[in-house]
Amino acid sequence: KMKKLLAILLSIAVSAAPVISHTGFTPGNPIGTLKFSADGKKLAAVYSFETDTVELMRFDNTSGLLTGALIFRPNIVTVVDESYIEAYGAEFSPNSNLLYISANISDAEPSTLYQFDITSNNAATILASKQVIAQTNPWYAGGLQIGPDRKIYMSMWKDSSISVIDNPDVYGPGCNFMYNKIFLGTKSSSPVQFGLPTFIQSYFDPLSNPYDFERTGNCSDPDVLFNINRLAGINSVVWDFGDGQSSASVSPLHHYTAPGFYDVSLTVSKVLDCSGTSEVITHKIWVAPPTDLLGKDTGSCAAPTLQIGVDNIAGASYLWNTGAATSKITVNSFGKYWLQVEYGGCSMADTINVKELPKPVANAGKDTTVCIYKPVVLSAATPTASSYLWSTGETSSTIKVNNAGTYSVDVTGNSCTVSDTVEVRWGDCDLFMPTAFTPNNDGWNDKFGIAGGFAYLDFYFQIFDRYGHVIFVANNPSQKWDGTYKGKPLPMGAYTWTLNYTDTKGYKTFLPGSVLLLR
(Lines give C-alpha, C1' and ligand atoms only; values in the text may rest on other atoms or scores of the structure.)
Protein backbone atom coordinates (compact mmCIF):
# COMPACT_ATOMS: atom_id res chain seq x y z
CA LYS A 1 0.00 0.00 0.00
CA MET A 2 2.81 2.41 0.83
CA LYS A 3 4.31 1.75 -2.62
CA LYS A 4 1.00 2.71 -4.22
CA LEU A 5 0.82 5.88 -2.13
CA LEU A 6 4.35 6.90 -3.12
CA ALA A 7 3.53 6.27 -6.77
CA ILE A 8 0.50 8.57 -6.50
CA LEU A 9 2.53 11.28 -4.82
CA LEU A 10 5.30 11.09 -7.41
CA SER A 11 2.79 11.32 -10.24
CA ILE A 12 1.39 14.65 -8.99
CA ALA A 13 2.72 17.62 -10.93
CA VAL A 14 4.29 20.24 -8.66
CA SER A 15 3.93 23.88 -9.61
CA ALA A 16 6.76 26.29 -8.97
CA ALA A 17 4.25 29.05 -8.07
CA PRO A 18 3.10 28.76 -4.41
CA VAL A 19 -0.52 29.33 -3.31
CA ILE A 20 -0.48 31.93 -0.50
CA SER A 21 -3.44 32.44 1.82
CA HIS A 22 -3.84 35.36 4.29
CA THR A 23 -6.01 34.48 7.29
CA GLY A 24 -5.62 37.83 9.07
CA PHE A 25 -3.99 36.39 12.19
CA THR A 26 -0.38 37.24 13.07
CA PRO A 27 1.00 35.06 15.90
CA GLY A 28 3.57 36.46 18.27
CA ASN A 29 5.40 33.14 18.18
CA PRO A 30 4.88 31.01 15.02
CA ILE A 31 6.28 27.85 16.61
CA GLY A 32 3.63 25.10 16.73
CA THR A 33 1.80 22.25 15.03
CA LEU A 34 0.04 22.05 11.62
CA LYS A 35 -2.48 19.25 11.08
CA PHE A 36 -4.89 18.46 8.22
CA SER A 37 -8.10 16.57 8.84
CA ALA A 38 -8.36 13.10 7.29
CA ASP A 39 -10.94 14.30 4.75
CA GLY A 40 -8.54 17.05 3.65
CA LYS A 41 -11.09 19.84 4.28
CA LYS A 42 -9.72 21.43 7.49
CA LEU A 43 -6.36 22.65 8.75
CA ALA A 44 -5.53 23.34 12.39
CA ALA A 45 -2.58 25.58 13.24
CA VAL A 46 -1.49 25.52 16.89
CA TYR A 47 0.74 28.41 17.97
CA SER A 48 2.61 27.52 21.15
CA PHE A 49 4.39 29.36 23.96
CA GLU A 50 3.14 32.90 24.63
CA THR A 51 0.73 32.89 21.64
CA ASP A 52 -1.14 29.82 23.03
CA THR A 53 -3.76 29.90 20.25
CA VAL A 54 -5.50 27.52 17.84
CA GLU A 55 -6.42 28.71 14.35
CA LEU A 56 -8.91 26.49 12.50
CA MET A 57 -9.34 26.96 8.74
CA ARG A 58 -11.15 25.42 5.79
CA PHE A 59 -8.91 24.02 3.04
CA ASP A 60 -9.75 23.74 -0.67
CA ASN A 61 -7.65 20.81 -1.92
CA THR A 62 -8.29 21.89 -5.52
CA SER A 63 -7.12 25.51 -5.34
CA GLY A 64 -4.92 25.16 -2.26
CA LEU A 65 -6.59 28.18 -0.58
CA LEU A 66 -7.30 28.50 3.17
CA THR A 67 -10.48 30.35 4.19
CA GLY A 68 -12.82 30.94 7.12
CA ALA A 69 -10.18 31.13 9.83
CA LEU A 70 -11.51 30.71 13.39
CA ILE A 71 -9.40 31.75 16.41
CA PHE A 72 -9.76 30.34 19.92
CA ARG A 73 -7.60 29.67 22.98
CA PRO A 74 -7.99 26.28 24.66
CA ASN A 75 -6.44 27.31 28.00
CA ILE A 76 -8.45 29.61 30.29
CA VAL A 77 -5.58 30.11 32.75
CA THR A 78 -3.41 33.15 32.12
CA VAL A 79 0.07 32.15 31.03
CA VAL A 80 2.51 33.02 33.81
CA ASP A 81 5.57 31.02 32.72
CA GLU A 82 6.39 31.52 29.06
CA SER A 83 9.06 28.81 29.20
CA TYR A 84 6.25 26.23 28.99
CA ILE A 85 5.07 25.17 25.58
CA GLU A 86 1.34 25.89 26.24
CA ALA A 87 -0.97 24.56 23.47
CA TYR A 88 1.08 22.10 21.45
CA GLY A 89 -0.28 18.84 20.00
CA ALA A 90 -3.23 18.66 17.61
CA GLU A 91 -5.17 15.91 15.84
CA PHE A 92 -8.53 15.53 14.14
CA SER A 93 -10.83 12.59 14.80
CA PRO A 94 -11.05 10.13 11.87
CA ASN A 95 -14.48 11.53 10.91
CA SER A 96 -13.03 15.09 11.00
CA ASN A 97 -15.77 16.31 13.41
CA LEU A 98 -13.65 16.59 16.56
CA LEU A 99 -10.34 18.31 17.27
CA TYR A 100 -7.99 17.24 20.08
CA ILE A 101 -5.44 19.69 21.58
CA SER A 102 -2.74 18.96 24.20
CA ALA A 103 -1.39 21.76 26.39
CA ASN A 104 1.15 22.45 29.17
CA ILE A 105 0.92 25.66 31.19
CA SER A 106 3.17 25.44 34.28
CA ASP A 107 4.29 23.25 37.13
CA ALA A 108 1.35 24.52 39.17
CA GLU A 109 -1.26 23.69 36.53
CA PRO A 110 -1.84 20.15 35.22
CA SER A 111 -1.19 19.17 31.61
CA THR A 112 -4.45 18.80 29.71
CA LEU A 113 -5.92 16.94 26.76
CA TYR A 114 -8.84 18.89 25.27
CA GLN A 115 -11.54 17.85 22.81
CA PHE A 116 -13.59 20.29 20.67
CA ASP A 117 -16.63 19.77 18.46
CA ILE A 118 -15.75 21.72 15.29
CA THR A 119 -18.86 20.95 13.20
CA SER A 120 -20.42 24.37 13.88
CA ASN A 121 -17.67 26.39 12.18
CA ASN A 122 -18.21 29.03 14.86
CA ALA A 123 -15.40 30.00 17.22
CA ALA A 124 -17.63 30.67 20.25
CA THR A 125 -19.59 27.45 19.76
CA ILE A 126 -16.40 25.46 19.30
CA LEU A 127 -14.90 26.89 22.47
CA ALA A 128 -18.11 26.17 24.36
CA SER A 129 -17.95 22.55 23.27
CA LYS A 130 -14.62 22.03 25.00
CA GLN A 131 -14.24 18.77 26.87
CA VAL A 132 -11.37 18.04 29.25
CA ILE A 133 -10.60 14.45 28.32
CA ALA A 134 -7.67 13.96 30.70
CA GLN A 135 -5.70 16.07 33.14
CA THR A 136 -2.88 15.28 35.56
CA ASN A 137 0.23 16.85 37.05
CA PRO A 138 2.89 14.24 36.11
CA TRP A 139 2.30 14.86 32.41
CA TYR A 140 4.18 17.06 30.07
CA ALA A 141 1.83 16.50 27.14
CA GLY A 142 3.36 16.22 23.69
CA GLY A 143 2.31 15.31 20.13
CA LEU A 144 -0.93 13.72 18.92
CA GLN A 145 -1.06 11.45 15.86
CA ILE A 146 -3.74 9.29 14.25
CA GLY A 147 -2.61 5.76 13.35
CA PRO A 148 -3.55 3.17 10.72
CA ASP A 149 -6.03 1.67 13.23
CA ARG A 150 -7.85 5.07 13.32
CA LYS A 151 -6.93 5.56 16.97
CA ILE A 152 -5.10 8.67 18.22
CA TYR A 153 -1.79 8.26 20.02
CA MET A 154 -0.32 10.78 22.48
CA SER A 155 3.26 11.21 23.63
CA MET A 156 4.41 12.69 26.94
CA TRP A 157 7.88 14.05 27.35
CA LYS A 158 10.33 11.72 29.10
CA ASP A 159 7.59 9.20 29.86
CA SER A 160 7.82 5.41 29.59
CA SER A 161 4.70 4.79 27.50
CA ILE A 162 2.39 6.04 24.77
CA SER A 163 -1.21 6.89 25.65
CA VAL A 164 -4.15 6.15 23.33
CA ILE A 165 -7.60 7.55 22.52
CA ASP A 166 -9.44 4.33 21.64
CA ASN A 167 -12.64 5.83 20.15
CA PRO A 168 -11.67 9.29 18.90
CA ASP A 169 -14.91 9.80 16.90
CA VAL A 170 -16.95 9.79 20.16
CA TYR A 171 -17.68 13.16 21.77
CA GLY A 172 -16.85 13.45 25.45
CA PRO A 173 -15.43 10.85 27.86
CA GLY A 174 -16.75 8.06 25.65
CA CYS A 175 -13.71 8.58 23.43
CA ASN A 176 -12.01 6.32 26.02
CA PHE A 177 -8.60 7.83 26.76
CA MET A 178 -6.13 5.17 27.96
CA TYR A 179 -3.16 6.57 29.88
CA ASN A 180 0.20 4.87 29.28
CA LYS A 181 -1.32 2.03 27.28
CA ILE A 182 1.77 1.05 25.24
CA PHE A 183 4.95 0.55 27.28
CA LEU A 184 8.17 1.47 25.47
CA GLY A 185 10.84 1.43 28.19
CA THR A 186 11.81 2.67 31.63
CA LYS A 187 11.60 6.38 32.36
CA SER A 188 15.32 6.45 33.07
CA SER A 189 15.96 5.83 29.38
CA SER A 190 13.42 8.52 28.32
CA PRO A 191 12.00 6.42 25.45
CA VAL A 192 9.20 8.97 24.78
CA GLN A 193 9.83 12.58 23.76
CA PHE A 194 7.52 15.37 22.53
CA GLY A 195 6.97 14.21 18.97
CA LEU A 196 5.52 11.21 17.15
CA PRO A 197 6.08 10.01 13.57
CA THR A 198 4.01 12.05 11.13
CA PHE A 199 1.78 10.61 8.41
CA ILE A 200 -0.51 11.85 5.68
CA GLN A 201 -3.81 11.94 7.56
CA SER A 202 -6.00 11.10 4.58
CA TYR A 203 -4.11 7.84 4.16
CA PHE A 204 -6.03 6.53 7.17
CA ASP A 205 -9.40 7.67 5.83
CA PRO A 206 -10.75 4.90 3.58
CA LEU A 207 -13.31 7.22 2.00
CA SER A 208 -10.52 9.45 0.70
CA ASN A 209 -8.69 6.60 -1.04
CA PRO A 210 -9.51 5.57 -4.63
CA TYR A 211 -11.14 2.20 -5.12
CA ASP A 212 -8.60 -0.52 -5.71
CA PHE A 213 -8.21 -4.27 -5.42
CA GLU A 214 -5.43 -6.72 -4.76
CA ARG A 215 -4.69 -10.42 -4.77
CA THR A 216 -2.51 -12.13 -2.20
CA GLY A 217 -0.98 -15.53 -1.59
CA ASN A 218 1.44 -17.61 -3.61
CA CYS A 219 1.98 -16.47 -7.20
CA SER A 220 1.85 -20.07 -8.42
CA ASP A 221 -1.56 -20.79 -6.86
CA PRO A 222 -4.13 -21.04 -9.70
CA ASP A 223 -6.94 -20.24 -7.22
CA VAL A 224 -6.70 -16.47 -6.80
CA LEU A 225 -8.66 -14.53 -4.17
CA PHE A 226 -9.44 -10.89 -5.01
CA ASN A 227 -10.23 -8.23 -2.36
CA ILE A 228 -11.47 -4.63 -2.75
CA ASN A 229 -9.73 -2.04 -0.57
CA ARG A 230 -13.04 -0.57 0.69
CA LEU A 231 -16.69 -1.42 0.28
CA ALA A 232 -18.28 1.88 1.37
CA GLY A 233 -20.29 3.53 -1.40
CA ILE A 234 -20.44 0.45 -3.63
CA ASN A 235 -23.78 -0.70 -5.01
CA SER A 236 -22.51 -3.51 -7.28
CA VAL A 237 -19.32 -4.81 -8.87
CA VAL A 238 -18.35 -6.73 -12.00
CA TRP A 239 -15.04 -8.57 -12.32
CA ASP A 240 -13.37 -9.45 -15.63
CA PHE A 241 -10.65 -11.99 -14.84
CA GLY A 242 -8.87 -11.62 -18.19
CA ASP A 243 -9.49 -15.23 -19.22
CA GLY A 244 -13.01 -14.84 -20.57
CA GLN A 245 -14.61 -15.40 -17.13
CA SER A 246 -16.40 -12.84 -14.93
CA SER A 247 -18.06 -12.52 -11.53
CA ALA A 248 -20.35 -10.19 -9.57
CA SER A 249 -19.03 -11.32 -6.19
CA VAL A 250 -17.51 -8.66 -3.92
CA SER A 251 -14.56 -10.91 -3.00
CA PRO A 252 -14.33 -13.68 -5.62
CA LEU A 253 -12.06 -16.73 -5.62
CA HIS A 254 -11.23 -17.45 -9.26
CA HIS A 255 -9.53 -20.54 -10.71
CA TYR A 256 -7.13 -20.05 -13.64
CA THR A 257 -6.67 -23.10 -15.85
CA ALA A 258 -3.26 -22.06 -17.19
CA PRO A 259 -0.32 -20.01 -15.90
CA GLY A 260 0.38 -16.63 -17.44
CA PHE A 261 -0.32 -12.91 -17.13
CA TYR A 262 -3.92 -11.74 -17.01
CA ASP A 263 -5.40 -8.23 -17.21
CA VAL A 264 -8.02 -8.22 -14.46
CA SER A 265 -10.51 -5.34 -14.30
CA LEU A 266 -13.01 -4.36 -11.61
CA THR A 267 -15.99 -2.18 -12.42
CA VAL A 268 -17.47 -0.50 -9.32
CA SER A 269 -20.99 0.67 -10.18
CA LYS A 270 -23.09 3.47 -8.62
CA VAL A 271 -20.39 4.85 -6.38
CA LEU A 272 -22.51 6.64 -3.77
CA ASP A 273 -19.76 8.75 -2.17
CA CYS A 274 -18.26 10.09 -5.41
CA SER A 275 -19.54 12.20 -8.28
CA GLY A 276 -19.49 9.50 -10.95
CA THR A 277 -21.67 6.44 -11.37
CA SER A 278 -18.92 3.90 -12.04
CA GLU A 279 -15.21 3.39 -11.75
CA VAL A 280 -12.98 0.84 -13.52
CA ILE A 281 -9.74 -0.41 -12.00
CA THR A 282 -7.39 -2.71 -13.97
CA HIS A 283 -4.32 -4.60 -12.80
CA LYS A 284 -2.13 -7.20 -14.48
CA ILE A 285 -1.73 -10.31 -12.35
CA TRP A 286 0.68 -13.20 -12.68
CA VAL A 287 -0.22 -16.85 -12.26
CA ALA A 288 3.20 -18.47 -12.15
CA PRO A 289 3.95 -21.99 -13.45
CA PRO A 290 4.02 -24.63 -10.67
CA THR A 291 7.77 -25.16 -10.98
CA ASP A 292 10.81 -24.36 -8.90
CA LEU A 293 12.00 -20.82 -9.42
CA LEU A 294 15.69 -21.59 -9.19
CA GLY A 295 15.74 -25.14 -10.50
CA LYS A 296 17.51 -28.10 -8.97
CA ASP A 297 20.44 -27.85 -6.58
CA THR A 298 23.77 -27.66 -8.36
CA GLY A 299 27.44 -27.75 -7.55
CA SER A 300 31.00 -27.99 -8.75
CA CYS A 301 34.38 -29.03 -7.44
CA ALA A 302 35.94 -25.63 -8.14
CA ALA A 303 34.99 -22.27 -6.62
CA PRO A 304 31.84 -21.37 -8.57
CA THR A 305 31.24 -18.45 -10.87
CA LEU A 306 27.60 -19.23 -11.47
CA GLN A 307 24.61 -17.11 -12.47
CA ILE A 308 21.37 -18.13 -10.79
CA GLY A 309 17.91 -16.58 -10.84
CA VAL A 310 14.93 -16.08 -13.12
CA ASP A 311 14.16 -14.11 -16.25
CA ASN A 312 13.22 -10.56 -15.36
CA ILE A 313 9.49 -9.83 -15.09
CA ALA A 314 8.53 -6.20 -15.63
CA GLY A 315 6.96 -4.81 -12.47
CA ALA A 316 8.16 -7.57 -10.17
CA SER A 317 10.37 -6.99 -7.14
CA TYR A 318 13.16 -9.35 -6.13
CA LEU A 319 14.98 -9.97 -2.87
CA TRP A 320 17.89 -12.39 -2.36
CA ASN A 321 19.34 -13.44 0.98
CA THR A 322 22.49 -11.65 -0.20
CA GLY A 323 20.56 -8.36 -0.21
CA ALA A 324 20.52 -8.14 -4.02
CA ALA A 325 17.31 -6.88 -5.63
CA THR A 326 17.83 -8.16 -9.19
CA SER A 327 16.22 -11.13 -10.93
CA LYS A 328 19.60 -12.87 -11.32
CA ILE A 329 22.83 -12.86 -9.34
CA THR A 330 26.30 -14.30 -9.87
CA VAL A 331 27.58 -16.37 -6.95
CA ASN A 332 31.22 -17.03 -6.22
CA SER A 333 31.00 -19.24 -3.16
CA PHE A 334 29.26 -22.42 -2.08
CA GLY A 335 26.13 -22.29 0.05
CA LYS A 336 22.36 -21.88 0.01
CA TYR A 337 20.74 -18.97 -1.79
CA TRP A 338 17.07 -18.01 -1.62
CA LEU A 339 15.04 -15.64 -3.75
CA GLN A 340 11.68 -14.04 -3.01
CA VAL A 341 9.66 -12.62 -5.90
CA GLU A 342 6.69 -10.28 -5.46
CA TYR A 343 4.36 -9.24 -8.23
CA GLY A 344 0.98 -7.52 -8.00
CA GLY A 345 0.27 -8.59 -4.41
CA CYS A 346 1.46 -12.20 -4.66
CA SER A 347 4.81 -13.62 -3.67
CA MET A 348 6.79 -16.82 -4.06
CA ALA A 349 10.17 -18.00 -2.88
CA ASP A 350 12.68 -20.74 -3.61
CA THR A 351 16.08 -21.91 -2.39
CA ILE A 352 18.97 -23.44 -4.32
CA ASN A 353 21.99 -25.15 -2.80
CA VAL A 354 25.30 -24.61 -4.61
CA LYS A 355 27.31 -27.54 -3.25
CA GLU A 356 31.03 -28.30 -3.30
CA LEU A 357 31.50 -31.59 -5.18
CA PRO A 358 34.58 -33.89 -5.23
CA LYS A 359 37.11 -33.47 -8.02
CA PRO A 360 37.43 -36.28 -10.58
CA VAL A 361 40.49 -38.55 -10.54
CA ALA A 362 42.82 -38.57 -13.54
CA ASN A 363 45.11 -41.61 -13.71
CA ALA A 364 46.36 -42.85 -17.08
CA GLY A 365 48.33 -45.66 -15.43
CA LYS A 366 52.00 -46.40 -14.95
CA ASP A 367 54.61 -45.85 -17.66
CA THR A 368 54.85 -48.92 -19.91
CA THR A 369 56.41 -50.39 -23.08
CA VAL A 370 54.95 -51.27 -26.46
CA CYS A 371 55.78 -53.10 -29.65
CA ILE A 372 54.18 -52.20 -32.96
CA TYR A 373 52.58 -55.62 -33.34
CA LYS A 374 51.69 -55.84 -29.63
CA PRO A 375 49.65 -52.70 -28.73
CA VAL A 376 48.91 -51.76 -25.12
CA VAL A 377 45.65 -50.42 -23.63
CA LEU A 378 45.78 -47.17 -21.68
CA SER A 379 42.87 -46.57 -19.25
CA ALA A 380 41.81 -43.51 -17.24
CA ALA A 381 38.32 -44.75 -16.27
CA THR A 382 36.90 -43.29 -13.04
CA PRO A 383 33.30 -43.18 -11.71
CA THR A 384 33.43 -39.40 -11.06
CA ALA A 385 34.18 -38.52 -14.70
CA SER A 386 31.66 -37.27 -17.24
CA SER A 387 34.03 -37.00 -20.22
CA TYR A 388 37.57 -37.82 -21.41
CA LEU A 389 39.88 -36.27 -23.98
CA TRP A 390 43.19 -37.97 -24.90
CA SER A 391 46.07 -36.29 -26.69
CA THR A 392 45.23 -38.59 -29.61
CA GLY A 393 41.82 -36.88 -29.91
CA GLU A 394 39.95 -39.96 -28.66
CA THR A 395 37.16 -39.41 -26.10
CA SER A 396 36.71 -42.88 -24.60
CA SER A 397 37.90 -43.87 -21.14
CA THR A 398 40.45 -46.31 -22.68
CA ILE A 399 42.58 -46.20 -25.82
CA LYS A 400 44.85 -48.70 -27.64
CA VAL A 401 48.34 -47.56 -28.77
CA ASN A 402 51.13 -49.33 -30.68
CA ASN A 403 53.68 -46.52 -30.84
CA ALA A 404 56.03 -45.13 -28.26
CA GLY A 405 55.43 -41.59 -26.99
CA THR A 406 53.94 -39.44 -24.23
CA TYR A 407 50.15 -39.70 -23.96
CA SER A 408 47.98 -37.33 -21.91
CA VAL A 409 44.32 -37.41 -20.89
CA ASP A 410 41.94 -34.68 -19.59
CA VAL A 411 39.26 -36.04 -17.27
CA THR A 412 36.20 -33.79 -16.67
CA GLY A 413 33.66 -34.23 -13.90
CA ASN A 414 31.61 -31.99 -11.57
CA SER A 415 32.64 -28.95 -13.65
CA CYS A 416 36.35 -29.61 -13.07
CA THR A 417 39.03 -30.91 -15.45
CA VAL A 418 42.18 -32.68 -14.26
CA SER A 419 44.98 -34.21 -16.36
CA ASP A 420 47.52 -37.02 -16.28
CA THR A 421 50.25 -38.30 -18.61
CA VAL A 422 51.82 -41.69 -19.23
CA GLU A 423 55.11 -42.47 -20.94
CA VAL A 424 55.05 -45.37 -23.44
CA ARG A 425 58.50 -46.61 -24.51
CA TRP A 426 59.54 -49.20 -27.02
CA GLY A 427 60.01 -52.60 -25.44
CA ASP A 428 62.15 -55.62 -26.34
CA CYS A 429 60.41 -56.04 -29.67
CA ASP A 430 61.15 -58.37 -32.60
CA LEU A 431 62.86 -56.55 -35.47
CA PHE A 432 61.17 -56.36 -38.82
CA MET A 433 62.93 -54.89 -41.87
CA PRO A 434 60.88 -54.44 -45.06
CA THR A 435 62.36 -55.93 -48.27
CA ALA A 436 61.16 -53.10 -50.54
CA PHE A 437 59.82 -49.53 -50.44
CA THR A 438 58.40 -46.95 -52.90
CA PRO A 439 59.47 -43.35 -52.20
CA ASN A 440 56.75 -41.71 -54.35
CA ASN A 441 55.14 -39.58 -51.58
CA ASP A 442 51.83 -41.40 -51.74
CA GLY A 443 51.87 -41.99 -47.99
CA TRP A 444 52.56 -45.71 -48.26
CA ASN A 445 56.04 -47.22 -47.76
CA ASP A 446 57.70 -43.92 -48.67
CA LYS A 447 60.69 -44.54 -46.38
CA PHE A 448 62.83 -47.49 -45.39
CA GLY A 449 63.93 -48.50 -41.90
CA ILE A 450 62.92 -50.62 -38.96
CA ALA A 451 59.13 -51.04 -38.85
CA GLY A 452 58.08 -49.74 -35.46
CA GLY A 453 60.75 -49.51 -32.81
CA PHE A 454 62.41 -51.36 -29.97
CA ALA A 455 64.35 -50.67 -26.81
CA TYR A 456 68.10 -50.38 -27.24
CA LEU A 457 71.26 -49.15 -25.61
CA ASP A 458 73.25 -48.60 -28.81
CA PHE A 459 72.12 -48.37 -32.44
CA TYR A 460 74.05 -47.95 -35.72
CA PHE A 461 72.37 -48.46 -39.12
CA GLN A 462 74.01 -48.02 -42.62
CA ILE A 463 72.81 -48.35 -46.24
CA PHE A 464 75.22 -48.88 -49.22
CA ASP A 465 74.93 -48.49 -52.97
CA ARG A 466 76.09 -51.17 -55.42
CA TYR A 467 79.60 -49.82 -55.20
CA GLY A 468 79.81 -50.10 -51.42
CA HIS A 469 79.51 -46.38 -50.78
CA VAL A 470 77.64 -45.39 -47.59
CA ILE A 471 74.58 -43.39 -48.66
CA PHE A 472 72.60 -43.28 -45.35
CA VAL A 473 73.42 -43.51 -41.61
CA ALA A 474 70.99 -43.63 -38.63
CA ASN A 475 71.66 -43.61 -34.88
CA ASN A 476 68.13 -44.52 -33.73
CA PRO A 477 65.24 -46.55 -35.16
CA SER A 478 63.09 -43.51 -35.87
CA GLN A 479 65.42 -42.31 -38.62
CA LYS A 480 64.32 -43.62 -42.04
CA TRP A 481 65.85 -43.48 -45.58
CA ASP A 482 63.83 -41.63 -48.22
CA GLY A 483 65.67 -43.09 -51.28
CA THR A 484 67.91 -40.04 -51.90
CA TYR A 485 71.59 -39.25 -51.57
CA LYS A 486 72.69 -35.68 -50.99
CA GLY A 487 69.16 -34.58 -51.88
CA LYS A 488 68.99 -36.40 -55.22
CA PRO A 489 66.79 -39.44 -55.92
CA LEU A 490 68.68 -42.65 -56.45
CA PRO A 491 67.71 -45.10 -59.18
CA MET A 492 65.65 -48.22 -58.75
CA GLY A 493 67.53 -51.29 -57.68
CA ALA A 494 68.80 -53.30 -54.73
CA TYR A 495 70.67 -51.62 -51.85
CA THR A 496 72.44 -53.42 -49.02
CA TRP A 497 72.36 -52.46 -45.32
CA THR A 498 73.93 -53.40 -42.01
CA LEU A 499 72.66 -52.91 -38.45
CA ASN A 500 74.70 -53.01 -35.24
CA TYR A 501 72.77 -52.63 -31.97
CA THR A 502 72.94 -53.47 -28.29
CA ASP A 503 69.65 -54.36 -26.55
CA THR A 504 68.64 -53.40 -23.01
CA LYS A 505 70.15 -56.61 -21.65
CA GLY A 506 73.58 -55.76 -23.10
CA TYR A 507 73.56 -58.26 -25.95
CA LYS A 508 75.22 -57.02 -29.14
CA THR A 509 73.79 -58.01 -32.51
CA PHE A 510 74.92 -57.56 -36.14
CA LEU A 511 72.38 -57.93 -38.95
CA PRO A 512 72.99 -57.59 -42.74
CA GLY A 513 70.37 -57.39 -45.48
CA SER A 514 69.17 -55.74 -48.66
CA VAL A 515 66.16 -53.69 -49.80
CA LEU A 516 64.65 -53.12 -53.23
CA LEU A 517 63.95 -49.47 -54.15
CA LEU A 518 61.00 -49.24 -56.53
CA ARG A 519 59.75 -46.19 -58.41
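Is Cys175 buried or exposed? I looked this up at the start, working on a predicted model, and found that Cys175 is buried, because its relative accessible area is 0%.

**Disulfides**

I then searched the whole structure for disulfides and found 3. With the bonded cysteines counted along the chain, I noted the pattern 1-3, 2-5, 4-6.

For the pair Cys219 and Cys346, I read a distance of 2.0 Å between the sulfur atoms. The torsion about the S-S bond of Cys219 and Cys346 is about 100 degrees, so I entered this disulfide as right-handed. The pair links distant parts of the chain, 127 residues apart, with Cys219 in the loop between strand E13 (213-215) and strand E14 (223-228) and Cys346 in strand E25 (residues 346-356). I recorded both Cys219 and Cys346 as buried.

For Cys301 and Cys416, I found a disulfide with an S to S distance of 1.7 Å. This pair also links distant parts of the chain, 115 residues apart, and I placed Cys301 in the loop between strand E20 (298-300) and strand E21 (306-309), with Cys416 in strand E31. Cys301 counts as buried because its relative accessibility is 7%, and Cys416 likewise counts as buried at 7% relative accessibility.

For Cys371 and Cys429, I noted a disulfide with the sulfur atoms 1.8 Å apart, and with -90 degrees about the S-S bond I entered the link as left-handed. The pair links distant parts of the chain, 58 residues apart, Cys371 lying in the loop between strand E26 (368-370) and strand E27 (376-379) and Cys429 in the loop between E31 and strand E32 (436-437). Cys371 and Cys429 are both buried.

**Positive phi values**

Which phi value does Asp52 have? I read a phi near 45 degrees for Asp52, which is a positive value in a residue other than glycine. Asp52 sits in the loop between strand E2 (42-47) and strand E3 (53-59), and I counted Asp52 as buried because its relative accessible area is 0%.

I also looked at Asn414, a residue other than glycine with a positive phi, near 55 degrees. Asn414 lies in the loop between strand E30 (405-413) and strand E31 (416-426), and I listed Asn414 as partly exposed because its relative accessible area is 27%.

**Surface patch**

Lastly, I turned to the surface, where Tyr460, Val470 and Val473 form a nonpolar patch with about 210 Å² of accessible area together. I placed Val473 in strand E34 (residues 470-474), and I entered Val473 as partly exposed because its relative accessibility is 37%.

Conventions:
Residues are numbered from 1 along each chain as its sequence is written. This is a predicted model: local features need pLDDT of at least 70, side-chain atom pairs count only at pLDDT 80 or more; totals for chains, interfaces and linings use all residues. Side-chain values use heavy atoms; hydrogens and water are left out. Patches are made of residues with over 30% relative accessible area and no salt bridge: like charges are joined within 9 Å, nonpolar side chains (Val, Leu, Ile, Met, Phe, Trp, Tyr) within 5 Å. Accessible areas come from the Shrake-Rupley method with a 1.4 Å probe; for residues, only the protein chains shown count as cover. A salt bridge is a side-chain nitrogen of Lys or Arg within 4 Å of a carboxyl oxygen of Asp or Glu. Helices (H or I, at least four residues) and strands (E, at least two) are DSSP runs, numbered from the N terminus. Buried means under 20% relative accessible area, exposed over 50%, partly exposed in between (1.4 Å probe, protein chains only). A disulfide is a pair of cysteine sulfur atoms within 2.5 Å.
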